Amino acid sequence: MKSFFKYVLATITGIMISSILMFFILIGIVTYMVSTVSPTSETVTPSNAVLLVTLDHSITEKTEPNPFEGLDMPGYSSMRSIGLNDILSRIQAAKEDSNIKGIYLNVKGVNTGFATMKAIRDAIQDFKASGKFVVAYSENFTQKAYYLSSVADQIYLHPEGGLDFRGLASSVMFFKDALDKVGVDMQVLKVGTYKSAVEPYIMNSMSEANREQVNSYLGSIYSTFVKDIATGRKLNADGVRGIADNYSIRYPEDAVKLKFVDSLLYKDEILAKIKEKLGIDSKKDIPTISLLDYKNTPSTGKGTADRVAVMYAYGAIVDGEGSTGMIGGDKLSRELRELRNDDKIKAVVLRVNSPGGSALASDVIWREVELTKKVKPVIVSMGDYAASGGYYISAAADSIFADPTTLTGSIGVFGVIPSFQKLFNEKLGVHFDAVKTGKFADMDVDMDRPLTEEEKSIIQGSVNRVYQVFMKRVADGRKMSVANVDSIGQGRVWTGAQAVELNLVDRLATLDEAVKAAAAKAKLTDYRVTEYPRAKDPLSEIWSVSKEKVKGMLIDEELGEYAKYLQELKRVTMQSGIQARIPYMIEIY
């Protein structure tokens, strides 16, 4: 009967989603066909121009082809997005582009992690080395927006605007009461005192161990945050902390008095200042090109045969092929094999931005990293996250580089098996009965009853075994004892800065520095950088649009920033099996 309900609901949902999917595919095919037969016009960079950076769009680790980008019709408009890889390469190109005279930062908010944000900030800092100007302006600065803008030569604020500066906070969403209300009991088996990924299922607030680790890594991130702002504005770091502690910037004038901004200006006044820098008439428009439209790329030794491959691995780690925004164990391992067997590829940089996921898929990928390292250098570059399974797949590399604010470590595993007995029996009035040929025949199958103590013991044994294997992988890769790994493991999350001191990371470095290190280890002086996975052509991307992706697009359109909470609740109720994962719905604001 349970299967009957499941299939009926699945069929109804499938029909509705398929109709929507086919409509979008039809629109996409028509758009693609028109674009292939119509003349296209490249965006031309005007001379004596400024590069406009707003970041009011989705930022991914790597630019993902979107066949529906630019589609504008009643009830739907697709949000544009760009990958960190293209943001950094375009800022580098702008540094070398004689047509670009400066950058205009008009950032109100930044929807990304601290490591990604710091990478963008560092790229703008490097841009300034060319002697070109960087000016920042906003009507309202969030903390992240101000952090990014603090790299500018001058910062201006609207006279009636605001600058939010009060220190960082971190929150974790808990589901226990919500799950209790719907009658779902999450049965958790774990290893690791600090393995807090399971806490949202069984608690309504942080454990003391979790609070300890959050205080630790949040403090480490905050130190980098304060230091960079103080350096950018030529202020004392302790003084910056005091301003946040006392919430001293309450009015626009306070921001000027405390030297957080240079002046209070209206939009027309800041535009006049930029025109003055460009040396153009006050009545003329400023030649501008947005970061999204700027297509120039820096030179990368295109004529050379030797290559350094940058393989992007971002998203949750899942078994099988996965999909866009996920790390499929089979898919990534196959791509690593191809790079290993490609004689033109002399070194590999594995760019990891993942909170972890399937322990089995992590081990599948780990094996390919280990084999590739025996043939050519492998350097790991960590993004916002490279924790739990994300660290697992990194451990075998020759060297590991991270950002100071990267969240990594979390060496620990857990198993989650939901029981829907209360939901079925008490909420829906549905009951099940079964006949089986063996004592454990229905263990972890129908989930319509809680596990017995003996069954829990069996699964806990599997969790313990995975943890032992995980620690051995780390110990071998980092040349440490298993006991040492266990002492800094236990599921505890560390920042990149802390991980260097613990020998989990070799040094703090950018992706570009990781590429240079990989080339040096391969003894290359003339090489080009190639990015993987390769982008699909637009038509293939249209056909690869899944039902889940379309549903996600529609949910994002309707719920906006609140969509992530619905998606997280869905993930919680569906998650099962042994996981190497951190609670990646950590919010720092």
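## Glu368 and its partner

Glu368 is buried, with a relative accessibility of 8% in this predicted model. The cut-off for buried is under 20% relative accessible area, so Glu368 falls inside that class. Its side chain forms a salt bridge with Arg337. The closest N and O atoms of the two are 3.2 Å apart. The pair links distant parts of the chain. Glu368 belongs to helix 12 (residues 359-373) and Arg337 to helix 11 (residues 329-341). In sequence they are 31 residues apart.

Arg337 is partly exposed, at a relative accessible area of 32%. The bridge therefore joins a buried acid to a partly exposed base.

## Helix 11 against helix 12

The two helices that carry this pair also pack together. Their axes lie 8 Å apart, at an angle of about 5°. Helix 11 and helix 12 are therefore roughly parallel to each other. The cut-off for that label is an angle under 35 degrees.

Which residues of helix 11 meet helix 12? They are Gly329, Leu332, Ser333, Leu336, Arg337 and Arg340. On the helix 12 side are Ala361, Val364, Ile365, Glu368, Val369, Leu371 and Thr372. Both members of the salt bridge, Arg337 and Glu368, appear in these lists.

## Other salt bridges

The count for the model comes to 25 salt bridges. Side chains of opposite charge can pair when their charged atoms come close. One of the bridges joins Asp86 and Arg90, at 3.9 Å from N to O. These two residues are 4 apart in helix 2 (residues 84-96), so about one helical turn separates them. Asp86 is buried, and Arg90 is buried too.

Asp153 and Lys128 form another bridge, at 3.6 Å from N to O. Asp153 sits in the loop between helix 4 (143-149) and strand 8 (154-163), while Lys128 is in helix 3 (residues 114-128), so the pair ties together parts that are 25 residues apart in sequence. Asp153 is partly exposed at 32% relative accessibility. Lys128 is partly exposed as well, with a relative accessible area of 22%. A network of salt bridges links Lys436, Asp442, Arg449 and Glu455.

## Strand 16 and its neighbours

Is strand 16 (residues 345-354) mostly covered or mostly open? It is mostly covered: 9 of its 10 residues are buried. Strand 16 pairs with strand 13 (residues 307-314) through 8 bridges, and the two run parallel. Within this pairing, Tyr312 has Arg351 of strand 16 as its bridge partner.

Strand 16 is also joined to strand 18 (residues 378-387). Here there are 6 bridges, and the strands again run parallel. Val348 has Val378 of strand 18 as its bridge partner. In a regular strand the side chains alternate between the two faces of the sheet.

## Confidence

How many of the residues, as a percentage, score at least 70 in pLDDT? The figure is 79%, and the chain averages a pLDDT of 85. Over residues 1-8 the pLDDT is below 50. Beyond near neighbours in sequence, residues 1-8 have 4 contacts in the model. Residues 33-41 also have pLDDT below 50. That stretch has 1 contact beyond near neighbours in sequence.

Key. Residues numbered from 1 in each chain as written. Predicted model: local features only at pLDDT ≥ 70, side-chain atom pairs only at ≥ 80, totals over all residues. Heavy atoms only, no water. Salt bridge = Lys/Arg side-chain N within 4 Å of Asp/Glu carboxyl O. Buried < 20%, exposed > 50% of the residue type's maximum accessible area, 1.4 Å probe, protein only. Pairing = 2+ DSSP bridges. pLDDT = per-residue confidence, 0-100. Contact = heavy atoms within 4.5 Å. Axes fitted to C-alpha atoms, helices over the stretch in contact; angles between N-to-C directions. Parallel < 35°, antiparallel > 145°, perpendicular 65-115°, else oblique.
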